[in-house]
Amino acid sequence: MTKQKLDDHRMTLLRGLPKIDEVMLSLEKKGAFARTPKYIVKSICRSVVEELRQEILNKQMDAKGMRLPTAGEVVDKVMRIINGLHQYRLRKVVNATGVILHTNLGRAPLCADALQRLMEIAGGYSNLEYDLVKGERGLRYDHVQKILCELSGAEDALVVNNNAAAVLLALNTLAEGKQVIVSRGELVEIGGEFRIPEVMEKSGACLYEVGTTNRTRLKDYEKAIGPETALILKVHTSNFRIIGFTEDTDLASLVALGKNYGIPVMYDLGSGCFAELDRYGLEREPTVRDVLATGVGVVTFSGDKLLGGPQAGVILGQKDILQKIKKNPLNRALRIDKLTLAALEATLMQYLQPEMAVTRLRVLMALTEKLADVTKRAKKLLSMLRKEHFEGLAISVTKGFSMSGGGSLPAQEIPTMLLSIVSTHMSPSSLEERLRRLDVPIIARIAEDEVLFDMRTIEEGEFPYIRDGLKKITSS
Ligand SMILES: *Cc1c(COP(=O)(O)O)cnc(C)c1O
């Protein structure tokens, strides 16, 4: 169809497209095949040339103004793509956003012990599923079962890939083909993909909504109970709060109601916390232990939120319920990997010494660190940066607020110190973009005409990245 309309110039351009074989020959001379298999180089050549062909064909007007790249330019482009393949895409970044549990930036950083355990366990063989006492097959999640039960007071424990998997698995085990009662105020979406009604549907359970968005009473739950009811589900509303004329039914009342009718209660806690954060001036978040003390049947939460460990889904609760969940064939599909398990076990051990946990786990450290210490760090960075001469940058320190993030403590404003950077020749968004494109990217936030680095989420060990990054930006 396009063919008929092709003008002469277009035809000339198409004929002039570099030949794959010629480009390949030049690439071979440049040593491209030494680093990358020939079949990959060839497929990149093809797609680069194909892209040019499409460009010529799709030009809306006539292609008169168009010039073909030289063979040399095509070779360079292919080389750039090949070089890109050799660069890690998953990279370390400096989190200067002040969001402590930033889902897009990998949530919780691991503690030193967890990292060491990763090296030890992942680099060789382990007793992952081997019972060293009996000399026979063991269960992978048994390694953390005991410590989880001791820390939380739960009868039994299971860990899976993440909390979404934990919720799916528990719902599927306990309520497939049956009804689950949930308050309309708790039908939440957490992040883009996790929505309670959708997870419920995938689990095969039927959602039975009760109450209203802002008020759900015990009576609403009770009225909904019928022969099809398999479970009462409570969901932590995580990343939002409904304020004003509200009423929700507390977990203990739901547990009592469930007991009356012989129906188990499940709580999707979201961000399971083992530390008593109110001791550090933060709002009170019930600990996992507090939650289990209500007698709730089963609780699920993430390993990489307030717990401060690797991505994982922790399921705690009563033995009979946990036994059923463990036998669900879905468990095999959602199972936890050995790297995660090694890091999770080391993370949990930190809580055996709670005062140490808040200094060793970076999430807890960032949440509880005194403003005075954050300020000290801010001034240290400021004086380090003032020793350099960054052309056109005005750097100062100012007060602000950090956020917990990751759906935890949504209403908590945590006072912090910010490094403010104003450029005389770059707009804040252009500076923010350049920071993002550094070899070690610095993810910052913008407020009007400033770029802000929140010192609460920046460690002293990361200062050189900031100094070198700013140097690079201002000297190019
Ligand atoms: C974060 C969260 C989830 C999802 O947990 P992942 O670990 O991201 O799978 C589910 N429910 C609640 C209430 C949450 O806060």
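A polar contact is a pair of N or O atoms within 3.5 Å. In the predicted model, one pair that meets this cut-off joins the ligand to Ser 302: an oxygen atom of the ligand lies 2.7 Å from an N or O atom in the side chain of Ser 302. For Ala 164 the partner is a polar backbone atom, placed 2.8 Å from an oxygen atom of the ligand. Asn 162 takes part through its side chain, where an N or O atom is 3.4 Å from a ligand oxygen. The ligand exposes 380 Å² when taken alone, and the protein buries 94% of that area.

Two elements, α9 (163-175) and β11 (265-270), give two or more residues to the shell around the ligand. Besides Asn 162, Ala 164 and Ser 302, the residues around the ligand include Arg 107, Asn 163, Ile 190, Phe 194 and His 236. Ser 238, Asp 268, Gly 270 and Lys 305 also belong to this set.

The chain as a whole contains 21 helices and 18 strands. Its C-alpha trace spans about 85 × 60 × 55 Å along the principal axes. Of the 476 residues in the chain, 47% are buried. Among contacts with a separation of 6 or more, 74% are made by residues 24 or more positions apart.

The area exposed by the chain is about 24700 Å², of which carbon and sulfur atoms supply 52%. The chain carries 66 positive and 60 negative charges, and the mean positions of the two sets are 5 Å apart.

Notes: Residues are numbered from 1 along each chain as its sequence is written. This is a predicted model: local features need pLDDT of at least 70, side-chain atom pairs count only at pLDDT 80 or more; totals for chains, interfaces and linings use all residues. Side-chain values use heavy atoms; hydrogens and water are left out. Helices (H or I, at least four residues) and strands (E, at least two) are DSSP runs, numbered from the N terminus. Buried means under 20% relative accessible area, exposed over 50%, partly exposed in between (1.4 Å probe, protein chains only). Contact means heavy atoms within 4.5 Å. Accessible areas come from the Shrake-Rupley method with a 1.4 Å probe; for residues, only the protein chains shown count as cover. Lys and Arg count as positive and Asp and Glu as negative; His and the chain ends are not counted. The place of a charge is taken as NZ of Lys, CZ of Arg, CG of Asp or CD of Glu. A residue is near a molecule or strand if one of its heavy atoms lies within 4 Å of it. A polar contact is a pair of N or O atoms within 3.5 Å; within protein, one must be able to donate a hydrogen and the other to accept it, and residues adjacent in sequence count only if both atoms are side-chain atoms.
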